[in-house]
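Student: I would like to go through this model with you, one topic at a time. Could we begin with the aromatic rings?

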Amino acid sequence: MSKERLTQLLQEASNDILKADSSVSLDRVRSLYLGKNCVLTEMLKDIHNLPKESRREFGQEVNNVKEKIQSLLLEQAEKIKAEKVLSCLNLEAIDVTMPPRGNGLGSLHPITRIRNEIEEFFIGIGFEISEGPEIEDNYHNFDALNVEAHHPSRYMQDTFYFQNDLLLRTHTSPVQIRTMENGKPPFRIIAPGRVYRCDFDATHSPMFHQVEGLVVDEGISFANLKWIVRLFIEHFFTKNMKFRFRASYFPFTEPSAEVDLLWTNASGQSKWLEVMGCGMVHPNVLRNVGVDSEKYSGFAFGMGLDRLAMLLYGVDDLRMFFENDIRFLEQF
Amino acid sequence: MKFSEQWLRTFTNCDLSSEELCKQFTVVGLEVDSFTSMHGKCEGVVVGEVLDAVKHPNADKLSVCTVNVGTSSPLTIVCGAKNVRKGLKVPVALCDAILANDLKIKETVLRGVPSCGMICSASELGMQCDFPGILELPLDAEVGLDFGKYFVLDDNIIELNITPNRGDCLSILGLAREVFAFSKCSISLPDFSCAVKSTDDIKNIVVTAKQACPSYSGRIIRNIDIKKETPFWIVERLKKSDIRPLNLVVDITNYVMLELGQPLHAFDLKKISGDIEIRMAKQGEVIDLLNGQNVTLSSDDLVIADDNKLLALAGIMGGKDSEIDSDTVDIFLESAFFDLPTISKCSHKRMLHTDASHRFERGVDPRLQHKAIERATCLLQEIDGNCSCGKVVDVISDELLPKHKPIYLRKERIAGMLGMLLGDNIVIDILNRLNMQVHSTEGGWMVLPPSYRFDINIEMDLVEELARIYGYEKIPESAMSLGISNVNTDVSLNNRKRLRLSLVDNGYSEVVTYSFIEQNLQSLFCPEKKPIHLLNPISSDLAVMRTSLLPGLIKSVVYNINRKQERMKFFEIGLCFLSEELPEEKCNIRICQPLKLAGVSVGDVYEKQWGIQSRDADFFDVKNDIENFLYLFVTKDEVKLKLEPHNALHPSVSAGIYLNETLIGVVGRLHPKLQSHFKISEAVYLFEIDLSFLNKKIDLKFKNISKFPFVKRDIALIINEKTSWNELDLAIKNVGGELLQSVQLFDVYTGENIPNGHKSIALRLVFQHIMRTLNEAEIDSMLDKIILALQDAFSAKLRT
């Protein structure tokens, strides 16, 4: 019974503890060194065999060894726990690159996407959205818009007719009339929607989509129209998109203009493409809806949503928008 | 309007390049639709005169010609053309000349006779006209002159899109005026005057329909050689304008129409009996037109007639009975101004669109009739010197001719409309260049437009002209105030956006289908609704307006199934059209146009993937999709689904969707008979909902959350399998009252241990009190009461 024995014991315990690799084996080591009948306890029992003056010191040392073993046990227990967690985590490893579960999203129709984008721009600058019926009467689709009954301009657009002077609107312009009939200036509206013309080939569909814009207020000029068109084109396309105004004719605007974009296609060729018709609201139109054309003036503009979608998304056949092939739809 | 650029250039002294000219046309509103270069080759070709032509000694079909080309000695040329003869003026390709198709001319020996050069046909020079044989030039052509100087072969065909307001630009003359206006190049009209030798020979003209025909001029021309070839330069220009040459008389009338814009018509004089009368047709009168069509007329059609018969449908097309033919010797030539709407109405009603009607309905210069008839006569006399002309008879009702009144143009209005100041001198200069008479007056000008501008009647018309000629590009941009107008945001628009996103998030793709469908398809889905028919559908499969979105969706599904797609979810939002009267005169169209949403789901719930056992989508999957979006806008209590038959849906798997007891839609499985009609192998689930409920603002109210614990109790019941969940759920909630927070159905089981005709359902009931903690005893008693009530109402048995 000696200090050497204690040191040796501590060494042995330490070795055994480090060897323990599970909580069970660690428990076994614990009871071996600190249990009821362990060597240390036996040593303390035999303490009376020591000379009185050394008993206190020896007792102290035995306790020290005990504490050290305990702290080693604690340390090893932590280590075993940590290793266990780690090996659990390893077991739970997955291949994060595998495809996900569940269903993907559907898609908005490309024309809806374009429409939303245009609506958001104009709502942002204080316009309202206005809608109207698709089966219209001659008055709102033509007469009120200064399209005279037997004038060739009446035949510029091939119209679908029903009985009783009803027709499928050939443009969204009747919404202008309905809006102005039911309100007082100032007006700042855009009117998106479906329109119909009796025409069918790769570049014409009997049904397509337009968005119409109308501003009527005091002091509105052609210069204002040019300004807003620039804002829109720069927002919708790119900052440096080249475009031009050229003279044109619509019965409901005067002066009338077409806006062409200098569009560069995928193979690098540039071409002027018509994207918008516009002009100052014709005084006859204002008169027809009871707006004083000496006090108020305004401008209107209209665009084909399908055409914009074709340009923006690079779709070259208009019919794809209405075939609803899922491989087409899913791309939007 | 399609025309030869060189022809236009003979009217203007314009140094703009072709490209510049086209650009200018486009920006002033005469958009260039197409531009085609015609490169005629004529290096080393000169005008020659055939001094003699004799038969080739060794070949029947060849002639040996002696041709003067302006050099000291004439050339000997062997020629194969039938029409070669002594005295002709012809284009001669000298040795080393290069012709169309890069044909190089060399000195050669033909059947023993040396030939030095070639007499050319039109096609060998790369021209449009396709005369057989060699080209016969006018006899006054100067011998030895380079052919390229005599006739410009290098030309471009320009096609302009002339808007309906600009009838005055449907002629070379009109386009030249426009070039003058935008380019300031001077205009040099060819000299149309010539001494027409006329006699007193006249045809009596009676204009009965003065309103429809305020100006009519006519003249007799006798002794025409109708077999005479039309000169190549006329044919060339006609062909470049896509007009087919017919005979000398018709070609000249067409030529003058292109040149001046005045349509002319020639009748065979011997086929006219008595006077020429311009009158309205009698109801039921019939005319055989030149195109072979037989038209029965009505009293609003204007005709040219003689004492016995109809000669022409005025301004549109001549009649067969007075047609110029190969025996024609004498003609009556007409040049008239007709009322625009009269011609327009008739030509559109009868779908007769001709070059003449195209011009008359847009407006021909009412001052042009006499001048045009003189011009045509001159040309005819130049070409056929033997014909003799009668006097022109003009019947003019001056008071009925369209006349311009001076228009007051205010400086202030110009500035206000354009947003910029235009200098007085600019305004006056532009108006002058447009042939307007301008007089200064207080605050502006009084402006009188020329007679041919039917589109200029009010001040704004002049403002437009100023902007157009000044250049839209030069008008500055200027910001405008974007103050708030009457903010009246339509809630339905925002709701619709949210609705779309909800559907997309639930895996639906948005489709757009036609608003018109095939009638049979329509009646398969909604036989009880009478659809609205289009009077002029594109085709029979787009003939009636849809009353439902479902047929369009099914067509989209079939389209994709045919392309081997197996799983799809589609939706569409759009108007449907019902011929029902509106309850209120909300809009004055007597057709109901409700906005609807419809959806379709076919195939598995999940795409094929690892880790999920997929299954066919069924009614309840679609019901979930519907509730997902409905509850964005309305509360759960407001919505009920009830079994409801629908023609297109499976009678046992279809439900009406009720919002506050109003039927707003349907959902269900496509009827198996339709499913097999469309050859779809899998069950198809559909829904359709009227979206007028989106017009309402969403009514959200916060409900207090209890701070006290809730208690869950699970029970299993055996009930008759026909028992409706709606009723059961209602019965439980009636008993449970406020304490019952929710009822969840978490299992449904039939099979072993369950009697036939019954099913076992497992429910989780959640109880909670807002003010206190519930004790076991009261929950037990509540549960007992519920079970008792279910026993009474549904003979439900507690499963233990």
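Tutor: A definition is needed at the outset: rings of Phe, Tyr and Trp (its six-membered ring) pair if their centres lie within 6.5 Å. Please also keep in mind that this is a predicted model.

Student: Which residues form one aromatic cluster?

Tutor: The cluster consists of A:F160, A:Y196, A:F200, A:Y313, A:F321, A:F322, A:F328 and A:F332, together with B:Y514 and B:F516.

Student: And how many aromatic pairs does the structure hold over all chains?

Tutor: There are 33 aromatic pairs over all chains. One of them, A:F222 with A:F245, is edge-to-face, at 6.1 Å centre to centre and with 65° between the planes. This pair links distant parts of the chain, 23 residues apart: A:F222 belongs to helix 8 (residues 222–236) of chain A, and A:F245 to strand 6 (residues 243–250) of chain A.

Student: Is A:F222 buried or exposed? And what about A:F245?

Tutor: A:F222 counts as buried, because its relative accessibility is 0%. A:F245 is buried as well, with a relative accessible area of 2%.

Student: What can you say about B:F525 and B:F678?

Tutor: They form a tilted aromatic pair, with 6.1 Å from centre to centre and 40° between the planes. B:F525 is in helix 14 (residues 519–525) of chain B, while B:F678 is in the loop between helix 17 (672–677) and strand 34 (684–690) of chain B, 153 residues apart. Both B:F525 and B:F678 are buried.

Student: Which charged end sits over the ring of A:F245?

Tutor: That of A:K226, at 5.4 Å from the ring centre. In chain B, B:R563 lies over the face of B:Y559, 3.6 Å from the centre of the ring.

Student: New topic: cysteines. How many disulfides are there over all chains?

Tutor: The count is zero over all chains. For B:C169, the nearest cysteine sulfur is that of B:C22, 15 Å away. B:C169 counts as buried, at 0% relative accessibility.

Student: Why is there no bond between B:C185 and B:C14?

Tutor: The cut-off for a disulfide is 2.5 Å between the sulfur atoms. The sulfur of B:C185 has its closest cysteine sulfur in B:C14, at 3.2 Å, and this is too far for a bond. B:C185 counts as buried because its relative accessibility is 8%.

Student: Let us turn to the sheet. What is the order of the open sheet of three strands in chain B?

Tutor: The order is 1-10-2, with antiparallel pairing. Strand 1 (2–4) and strand 2 (31–38) of chain B are the edge strands, each pairing on one side only. From one strand to the next, the twist averages 20°.

Student: How many bridges are there between strand 1 and strand 10 of chain B?

Tutor: Three bridges, in the antiparallel sense, with strand 10 covering residues 155–161. Within strand 10 of chain B, B:E159 is the bridge partner of B:K2.

Student: Which helix lies across strand 1, strand 2 and strand 10 of chain B?

Tutor: Helix 2 (residues 18–27) of chain B does, running at about 160° to strand 2 of chain B. Helix 5 (residues 232–240) of chain B also packs on the sheet and touches strand 1, strand 2 and strand 10 of chain B; its direction makes about 145° with that of strand 1 of chain B.

Student: Finally, where is B:S322?

Tutor: B:S322 is in the loop between strand 19 (317–318) and strand 20 (331–337) of chain B. It is buried, with a relative accessible area of 1%. Leaving aside neighbours within four places in sequence, B:S322 is in contact with B:A266, B:F267, B:D268, B:K271 and B:L311.

Methods
Residues are numbered from 1 along each chain as its sequence is written. Chains are lettered from A and ligands numbered from 1 in the order in which they are written. This is a predicted model: local features need pLDDT of at least 70, side-chain atom pairs count only at pLDDT 80 or more; totals for chains, interfaces and linings use all residues. Side-chain values use heavy atoms; hydrogens and water are left out. Two strands pair if DSSP finds at least two bridges between them. Helices (H or I, at least four residues) and strands (E, at least two) are DSSP runs, numbered from the N terminus. Axes are lines fitted to C-alpha atoms, for helices over the stretch in contact, and angles run from 0 to 180 degrees between N-to-C directions. Contact means heavy atoms within 4.5 Å. Buried means under 20% relative accessible area, exposed over 50%, partly exposed in between (1.4 Å probe, protein chains only). Rings of Phe, Tyr and Trp (its six-membered ring) pair if their centres lie within 6.5 Å; planes under 30 degrees apart count as stacked, over 60 as edge-to-face and the rest as tilted. A charge sits over a ring if NZ of Lys or CZ of Arg is within 6 Å of the ring centre and within 35 degrees of the ring normal.
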